[in-house]
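Here is a structure to look at closely. One request comes with it.

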Amino acid sequence: MNAPIESPDYQRGKADGIIHAETLNNAKIAQSINEVSVTLSDMTFGYEEARQHILEQMQSLVRQISDQVIPEIAKATFGSHLSEIVDVELNRSANLPIQIGIAPDLLPAFDALGSKEHCVFVPVPNLTAGQAIILQNDVEILLDLPSLVLALQSTLNGLESHQRSSRNGN
């Protein structure tokens, strides 16, 4: 069988039709991409606004936790925390003596906890409540609850909303 002969006008019309169809298809793709981009931008803006609103609502609660609750918990649990660490250290190096330096005004409270074998509480004038130094041989461990509380407060207070920029919708 013979293939139909296509005239030059037919071939030119066919080529023009294909180019026109590709152009329309590319325009539709560009329009779709633009619509998706606008939708994503709107979603990002909505997310950032919701996030900012939630952070603003939580700010006073976070500040109360940071300023009141954490320091009280730290103050109330320092003795038991120190005792727990001392027990761990005693078990690890049972035959070696341990000196625990604490603020001088706390010495009576720690003496009331009872003596521990190989463990002596000693006053260290430059320590404050919530700080202790555990000494054994050449090893020194500093417990510093006020610094921990300050670090937690700084972290919690740093949870403030970020300023809007062109990257997040404004």
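The request comes below, followed by a connected answer.

Q: Please take a close look at the largest nonpolar core. Which of its residues touch the most other members, and which element gives the most to it?

A: Some ground rules come before the core. This is a predicted model, in which local features need pLDDT of at least 70 and side-chain atom pairs count only at pLDDT 80 or more, while totals for chains, interfaces and linings use all residues. Residues are numbered from 1 along each chain as its sequence is written, and side-chain values use heavy atoms, with hydrogens and water left out.

Next, the frame. The protein has 3 helices and 4 strands. Along the sequence they follow the pattern α-β-α-β-β-β-α. These elements are DSSP runs numbered from the N terminus: helices are H or I with at least four residues, strands are E with at least two. The protein has 170 residues, and 21% of them are buried. Buried means under 20% relative accessible area, exposed means over 50%, and partly exposed lies in between (1.4 Å probe, protein chains only). The accessible surface comes to about 12,400 Å². Carbon and sulfur atoms own 58% of that surface. The areas come from the Shrake-Rupley method with a 1.4 Å probe; for residues, only the protein chains shown count as cover.

Now the core. A nonpolar core is a set of buried Ala, Val, Leu, Ile, Met, Phe, Trp, Tyr and Cys residues joined through side-chain atoms within 4.5 Å. The largest one holds 21 residues. Its members with the most fellow members in touch are L82, I100, I102, F110, F121, A132 and I134. At least two core residues come from each of α1, β1 (98–102), α2 (107–111), β2 (119–123), β3 (131–136) and α3. Helix α1 gives the most, with 7 residues. In soluble globular proteins, nonpolar side chains tend to be buried together.

Take L82. Leaving aside neighbours within four places in sequence, L82 is in contact with I100, I102, F110, F121, A132, I134 and L143. Contact means heavy atoms within 4.5 Å. Across the protein, 59% of the contacts with a separation of 6 or more join residues 24 or more positions apart.

I100 also leads to two other residues. One is C119, in strand β2. C119 counts as buried because its relative accessible area is 10%. Beyond four places in sequence, C119 touches V86, I98 and I100. Its C-alpha atom is 9.9 Å from that of L135, 16 residues apart along the chain. The other is I141, in strand β4 (residues 139–144). The C-alpha atoms of I141 and I100 are separated by 9.4 Å, with their positions 41 residues apart along the chain. I141 has 28% relative accessibility, so I141 counts as partly exposed. Its contacts past four places in sequence are E89, A132, I133 and I134.

Helix α1 also has residues to follow elsewhere. S66 has its place in α1. At 0% relative accessibility, S66 is buried. Apart from residues up to four places away, S66 touches P71, Q153, L156 and N157. Q59 lies in α1 too. Q59 is partly exposed, at 31%. The C-alpha atoms of Q59 and N157 are 7.9 Å apart, although the two residues are 98 residues apart along the chain.

P71 brings in the largest pocket. Its lining is P71, A74, K75, F78, G79, L106, A129, G130, L145, P146 and V149. Two or more lining residues come from α1 (8–92) and from α3 (145–157). Helix α1 gives the largest share, 5 residues. On a 1 Å grid over the protein atoms alone, a pocket is an open set of points where a 1.4 Å probe fits, with protein on both sides within 12 Å along at least five of seven lines; lining residues have an atom within 4 Å of a point.
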